[in-house]
Amino acid sequence: MKKWKLLFPLLLIFCAGMAQETIKGSVRDKDGNPVVAATITLKGGNISTTSAEDGSFTIRARPGQTLIISSVGFEEYDVKIGAKGTPVAAMLTTRSNALDDVVVVGYGTVKKKDLTGSVSVVNVADAEKNPTHDVAKMLQGQVAGVSVQGSGEPGGYVSIKIRGVSSFDPNGNNANSPLFVVDGVIIDAPFDFSVDDIESIQVLKDASATAIYGTRGAPGVIIITTKKGRVGAPRVTWNTYVGLQNVPKKIPVLDRVGYQKSVNAADVNAGLTLAPANDPSSPNYVSNVNTDWQHEALKTGLIQDHNLGLSGGSEALTYNLSLAYFNQEGYQVGPQAYNRYSINSSLQGKKGRVSYGARMAYTYSKKGNYAATYNHAVFGGTVTSMLTAIPILPVYDSARLGGYGGSDQTIDRAISANVVGINKLVTDWSERNRILLNGWLEVEILKNLKYKANASFDRTDYKNYHYEPKFDMGYYYLNTNYYYHQDFGAPNTQLMENTLSYSLKHGRHQLDLLAGYTFQKSNVNWISASSSSTADLTYQTFSNATASSNTITEYRGINTLTGRLARLNYNFDDRYLVTANFRRDGSSKFAPSYRYGNFIGFAGAWNIHNEKFIHLPAAISTLKVRGGWGSVGNEYPLGQYQSQSYINTAANYNFANTFASGSTTVSLSDPNVHWESTTTTNVALDLGLFNERLTFTAEYYVKNPKDLLVNEPLPYSVGSNPASIITNVGAVRNTGAEFTLGYKKTDGAFTYNINANFSTLTNKVLKLGVANQPIYGAGSKTQVGHSAGELYGYQTEGLFQTAADVTNHAYQSALTAPGDVIFKTQDPKNEHNNAYQLTDANDRTFLGVTIPKYYYGVNFSANYKRFDFSVFLQGSGGNKVFNAVYAALMSGQDGNQHKDELNFWTSSNTNTKIPRPIMGDPNGNARFSDRFVQDGSYMKLQNLQIGYSLPASAGIISKHYMSRLRIYVSGENLLTFSKYKGYDPDFISDGLINRGYDYGSFPNARTFMFGIQAGF
């Protein structure tokens, strides 16, 4: 019996072994590349094996058992063996110790753990999920302290700012936009290049990091590295997506019945007869037209992106080539769209002590623009004109020249733009050809002593084309002349950089030195020509235009910039870190005595977790404090030759019947004008917990732009035109706090990551010229002690209910009556007829801050086996917006109105905030007031994506030599949570003086996409 008891367990083990079979499988990374020498272990046993060069493996095991797969640099992966004969396909996720990641900074690299300045590393995998033509738009909500605003216009401009405004930008040169550096080359516009080619993005936010860029570093610096080839066999990638786009919401405007009710009440209140088109007793009464202009003018647009890549090479030379096509059709009816074709190629290698590389990028793009006419303004732009278009106007009318409907001056009495007709009839497009060439050579002269030469050439040939034929689209929109206009330009920039670097490590000391000299030359040239005549222009060329109407202007300019730079990085025992940056720049934009400037930045950090005498809890893997100070410049607000006054040499005069030649000053310039400068101070804490599973960064900064260029008024007696001078007399202060949180966890086959950021921003104007005179904008006032561009207008106190209310209140106008808006008295000293007058500028007041007080973004991503899921939330708040679109729709005049207007005041409807409609608006009910100021805060479900990666064993992969195939569906701009009554609270408010003013920005589109990512 005892013998049987001993033999029984052995029998079970033998039977179990007999049940085992040979399991086949493969191990690959997320890009489909085989993982060599991965360890595959049977869970609960001592059986293991390793993967071969092609990633394949075999192991003895039973179905239902679990394999543990591990490899250096990857997260551990657990997989359960399936039914008999089913191969195992494992996809490993890269294990990244973020502290050892290399971060690109100005003219060099540094490990993330050795950073001292304020540098943020963008998670490109999260950012590239947002479909866009512009890398700037990718960054929205991804980085603390970075604000991004865009629109739904195909190929439209994107506004990006780092830690608030740093310039008043009097010339409109986008002086608040950061400096972009792509593969070491400074460029002015990143939207020409395909976002598919981006490998990494770093954002340099403080002067201690940007000082090495001298007169161009004040707005911040964004460094982009494109994809390079890797050693190995040729590898082909194909990424593509196709999506549909539309406007997420409709504005509730009036139909024909509501419109005629509102406009008839306005006529009656003004003592006018009804417009024949709205008078039921008139033979011209319109009852058979009820145009929904949003339905007619808006459509579903198409967005698509295709990128084909080829890379590979040897140690001596690697290569990368990509071909890309991006297309975005507009969601407004018309031929408008944005098309871009791009080629990006790079070579790099190393032989002995010499490293080398080259890059060529070429882009052709064409952007169709929306409705605009030369002689007939589209009031408020295409969006506002679409909404205010009257519903009794037909879209098409074959009796009118051009074939589109128009309003009649006597019958309709309304100026109404037919935006469908204008979009179809007016031809307006912009074309760009851009080429960027870059080559570099690095030689290790002695051990750790390297010389690097970097040269680049950047040229853009552009053409702007505009043609409008003769047409008749009704009252005001009657074009009896054709108008033809073209712009041509070919700006180019040449850059040469020479740097010398040395690295020394001795014991616990690490010293890195950098010195260099740069030279940049920019050539600006353009020609502008136009023609207009009553004759028909059959062929749209200037040779066929009426010669007497042709006009042409030309401009040429050159700007040079030289820089001498140096940097020191010192590291003692991975505990104490010091960085010093220096640059001396000389710019031809300024007068000789103010041509050169010195810029410097210091930063230091203390790795507390590496101190032996400090015993931190085991959970704390990183504890670092850092701080920095620096001073940096901004030359972009100043144009070429603006330090020189302009002289008219033909100012002749007749003295006693004798003709004398003379000269006179046309416009004055400040000969002492120079770059703007910004000083920043920041302190930060970096914390890592549980072996960097949880990371947290908190940072506080003070950013002080000073010597800001402002248009200072001049007495008219000076004779300068314009009667102002640009000079360095302004100053502001931006302060804020930034918080970044990251968490990642792997639980078997389930992995998830959370990345969140939150930042605050407070702006205050410190100085505005010699006398600190405020600057007025479109409903805004910039004044010392307030933030820039605050809304400024009248406060309201309800509606007058009786004639006695009007009499007893301060005087507003001679025709003020019950149902009109009560505007609050702000200046009791200004009297009229022994009462207070409210109609002058003294009764306006500040109505709200237009710069958001906080920004945030949250990315959540998860992987389960071969499924992946991500969601992205983004928003901002604490700011006010003047909704000029809503104001136009609530004017009570002859354009179409918002549905809210139907609740207007009458003697029987007094419980309302909507004033009586009246033609001419004698009380100024529609003036700039808090009636139209709305909360600009919002939160968006910006992106939601679900994907699936097919296993290597799938037939479509194995039969077509594929290493990877992922398919996904995605939604963009899915939900917006906001109280804003316009299309979209996220609109471009780029001006510093004119801010928070929405007069018809193109709303961001809602997008639904399907995409494929494949590797071969």
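## Strand pairings around β28 and two asparagines with positive phi

Let's begin with Asn973, which sits in strand β56, covering residues 964-977. This is a predicted model, and in it the phi of Asn973 is near 55°, a positive value in a residue other than glycine. Most residues other than glycine have a negative phi. Is Asn973 buried or exposed? With a relative accessible area of 2%, Asn973 is buried, because buried means under 20%.

Asn691 is another non-glycine residue with a positive phi, in this case about 60°. You will find Asn691 in the loop between β37 (676-689) and β38 (694-706). Its relative accessibility is 68%, so Asn691 counts as exposed, the cut-off for that label being over 50%.

Now follow the chain back to strand β28, residues 509-533. Which strands pair with β28? One of them is β26 (residues 482-489), which runs antiparallel to β28 and is joined to it by 8 bridges. Within this pairing, Gln486 has Ala529 of β28 as its bridge partner.

Strand β27 (residues 492-506) is also antiparallel to β28, with 15 bridges between them. Here Ser503 is bridged to Asp512 in β28. These two strands, β27 and β28, make a hairpin with 2 residues between them. In that turn, Gly507 has a positive phi of about 60°.

Strand β29 (residues 551-572) is a further antiparallel partner of β28, and 22 bridges link the two. To locate this pairing in the viewer, look for Asn525, which stands opposite Arg556 in β29. As you trace these strands, keep in mind that in a regular strand the side chains alternate between the two faces of the sheet.

How values were computed: Residues are numbered from 1 along each chain as its sequence is written. This is a predicted model: local features need pLDDT of at least 70, side-chain atom pairs count only at pLDDT 80 or more; totals for chains, interfaces and linings use all residues. Side-chain values use heavy atoms; hydrogens and water are left out. Two strands pair if DSSP finds at least two bridges between them. Helices (H or I, at least four residues) and strands (E, at least two) are DSSP runs, numbered from the N terminus. Buried means under 20% relative accessible area, exposed over 50%, partly exposed in between (1.4 Å probe, protein chains only).
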